[in-house]
Amino acid sequence: MQTNFTAEQLADPYVAESEKILRRCVHCGFCTATCPTYVTLGNELDSPRGRIYLIKDMLENDRPADAEVVTHIDRCLSCLACMTTCPSGVDYMHLVDHARIHIEKTYRRPPMDRMIRQMLAMILPYPSRFRPALALARLGRPFAPLLKGIKPLRPVAAMLELTPQGRLKHSDSSRPGVRAPEAAPRGRVAILSGCAQPVLDGGINEAAIRLLTRLGVEVVVPEGEGCCGALVHHMGKEEPALDFARRNVDVWTREIERGGLDGIIITASGCGTTIKDYGHMLRLDPAYSEKAARVSALAKDVTEYVATLELPAQDSKGMTVAYHSACSMQHGQKITVLPKTLLKQAGFTVRDPAEGHLCCGSAGTYNIMQPEISAQLKARKVRNIEATQPDVIATGNIGCMTQIGSGTALPILHTVELLDWAYGGPKPAKLA
Ligand code: SF4
Ligand code: SF4
């Protein structure tokens with residue numbers, strides 16, 4: 001694609017990077033076929049190619065974002081299916097990241113939109129705020145249908161509807177400290193506790209820690225780590241996102257220097273995609289660029305690390321698992337086969353639902369901010385999963401677990417919970 005930026009514009013490293021990305025696009029439109037919003041809405045402006053044109057026009061003309069650009073960029077799930085499909089290697093992820101930063105700086109959103117975004121940014125990344133907020137939301141759940149009828153309050157209704165119904169399990173897995181290996185030592189890793197996940201389902205990291213320590217891995221939960229920054233990053237709030245990244249880079253660097261790390265283990269693929277990008281996010285910060293690149297190189301999805309431990313094949317469990325590959329797993333991190341191989345090796349029969357490349361509509365806070373599109377994608381995903389007639393659904397991202405779990409009666413577990421069970425851990429409570 002031809003671009004027309006001035007030398008002055010290209011002096012801005014963000015514009016210079018976006019220009020390079022834009023130049024790779026050859027307008028072929030292959031990406032439209034796999035874009036969930038184009039497939040759902042049928043509007044070229046809700047396709048990757050349409051969004052690329054909108055971003056190009058906005059940046060080239062040095063224009064503040066307008067309502068049209070914001071509408072179509074906000075509808076993008078950042079699922080990155082377009083990057084998997086694109087034959088020209090267009091780095092849509094970093095282009096849309098730049099567009100979102102530009103929108104945040106130049107566009108004044110309607111008051112209710114601003115308020116909800118601010119509230120999400122102030123609550124979700126902090127477990128000590130998210131936990132009581134969730135308790136309040138459960139009390140407010142019966143009002144969701146009422147709020148749905150008031151357009152600006154639909155995100156609040158969506159938030160209430162997503163609130164998990166059952167008792168939330170208290171977990172010790174985020175408590176800082178070292179979990180000693182229970183077999184001959186084979187490695188030392190740090191594990192990310194994260195922000196929303198330990199509140200919504202503390203059992204996931206418990207299972208990961210149990211499995212790893214049983215296999216001889218020392219697991220460190222470092223003091224001071226927090227949200228990876230993905231939630232605010234996807235809202236275009238660049239400085240808070242970089243602050244979260246710097247804080248984690250400092251914590252893990254200390255741990256690398258103290259005892260060495262074979263990996264930084266992440267059990268939420270949405271966080272994994274962001275942490276693997278820290279090197280890029282902090283590339284312009286001379287104090288952090290090198291440290292951040294080192295952290296990104298050590299970041300591993302839990303299944304990537306478990307695969308290096310060469311687990312033995314197990315007898316059949318007589319249980320069929322529908323494997324839902326989170327977008328951040330398959331498109332963001334290009335981990336496609338590995339989790340299924342581990343599950344099969346652990347004795348499960350694994351089925352691939354149709355249209356596995358399409359997002360379930362979770363996408364960070366997307367299911368709150370874009371509830372109508374998200375609901376359509378959820379219904380489509382649940383239909384495809386249920387058609388495989390599984391006993392259980394497995395996936396590697398808490399966002400997908402919450403989203404899909406709110407649309408089906410089938411139990412939905414993290415892949416590592418099934419692996420932990422298959423290799424000597426307790427049977428997950430959801431399967432009782
Ligand atoms: S990231 Fe997903 S929703 Fe956004 S343009 Fe690409 S395929 Fe479409
Ligand atoms: S597939 Fe790639 S090159 Fe083709 S229109 Fe989409 S982004 Fe551009």
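These exercises, each with a worked solution, explore a predicted model.

Residues are numbered from 1 along each chain as its sequence is written, and chains are lettered from A and ligands numbered from 1 in written order. Local features need pLDDT of at least 70, side-chain atom pairs count only at pLDDT 80 or more, totals for chains, interfaces and linings use all residues, and side-chain values use heavy atoms, with hydrogens and water left out.

**Exercise 1. The shell around ligand 1**

Task: Find which residues come nearest to ligand 1, and sort its shell by residue class.

Solution:
- Step 1. Apply the rule: a residue is near a molecule if one of its heavy atoms lies within 4 Å of it.
- Step 2. Ligand 1 has 13 residues around it, and Cys35, Arg51, Cys76, Cys79 and Cys82 come nearest.
- Step 3. Look up the classes. Ala, Val, Leu, Ile, Met, Phe, Trp, Tyr, Cys and Pro count as nonpolar, Asp, Glu, Lys and Arg as charged, and the others, Gly among them, as polar.
- Step 4. The shell of ligand 1 then splits into 10 nonpolar, 2 polar and 1 charged.
- Step 5. Turn to the helices, which are DSSP runs of H or I with at least four residues, numbered from the N terminus (strands are E runs of at least two). Helices α3 (36-41), α4 and α6 (81-85) each give at least two residues to the shell of ligand 1.

**Exercise 2. The shell around ligand 2**

Task: Do the sorting for ligand 2.

Solution:
- Step 1. Around ligand 2 there are 13 residues, with Cys25, Cys28, Gly29, Cys31 and Cys86 nearest.
- Step 2. The shell of ligand 2 holds 9 nonpolar, 3 polar and 1 charged.

**Exercise 3. Salt bridges**

Task: State how many salt bridges there are, then place the pairs Arg117 with Asp113 and Glu161 with Lys148.

Solution:
- Step 1. A salt bridge is a side-chain nitrogen of Lys or Arg within 4 Å of a carboxyl oxygen of Asp or Glu. The count is 28.
- Step 2. Arg117 and Asp113 form a salt bridge, 3.4 Å from N to O. They sit 4 residues apart in helix α8 (residues 111-123), so about one helical turn separates them.
- Step 3. A general rule helps here. An α-helix has 3.6 residues a turn, so residues three or four places apart point the same way.
- Step 4. Check exposure, using relative accessible area with a 1.4 Å probe and protein chains only: buried is under 20%, exposed is over 50%, and partly exposed is in between. Arg117 and Asp113 are both buried.
- Step 5. Glu161 and Lys148 also pair, with the closest N and O atoms 3.1 Å apart. Glu161 is in helix α11 (residues 154-162) and Lys148 in helix α10 (residues 144-148), so the bridge ties together parts 13 residues apart in sequence.
- Step 6. Glu161 is partly exposed at 30% relative accessibility. Lys148 is partly exposed at 41%.
- Step 7. Add Arg175 and Asp172, whose side chains meet in a salt bridge at 3.0 Å, N to O. Shared partners also join Asp74, Arg109, Asp113 and Arg117 into one network of salt bridges.

**Exercise 4. Helix α2**

Task: Compare the span of α2 with the expected span, and name what covers its buried residues.

Solution:
- Step 1. The expected span is 1.5 Å times one less than the number of residues. Helix α2 (residues 13-24) has 12 residues and reaches 17 Å from first to last C-alpha, close to the expected 16 Å.
- Step 2. Buried residues in α2 include Val15, Ala16 and Leu22. Their cover includes α1 (7-10), α4 (48-60), α7 (92-106) and α17 (278-281), where contact means heavy atoms within 4.5 Å.
- Step 3. At the N-terminal end of α2, Asp12 acts as a cap, with a side-chain oxygen 2.8 Å from the backbone nitrogen of Tyr14.

**Exercise 5. Three residues in place**

Task: Decide whether His331, Ala346 and Asp62 are buried or exposed.

Solution:
- Step 1. His331 lies in helix α20 (residues 327-332). His331 is buried, at 5%.
- Step 2. The His331 side chain comes to 3.1 Å from the backbone oxygen of His357. This is a polar contact (N or O atoms within 3.5 Å; within protein, one able to donate a hydrogen and the other to accept it, with sequence-adjacent residues counting only if both atoms are side-chain atoms).
- Step 3. Ala346 is in the loop between α21 (338-345) and β7 (349-351). Ala346 is buried, at 1%.
- Step 4. Asp62 is in the loop between α4 and α5 (67-74). Asp62 is exposed, at 58%.
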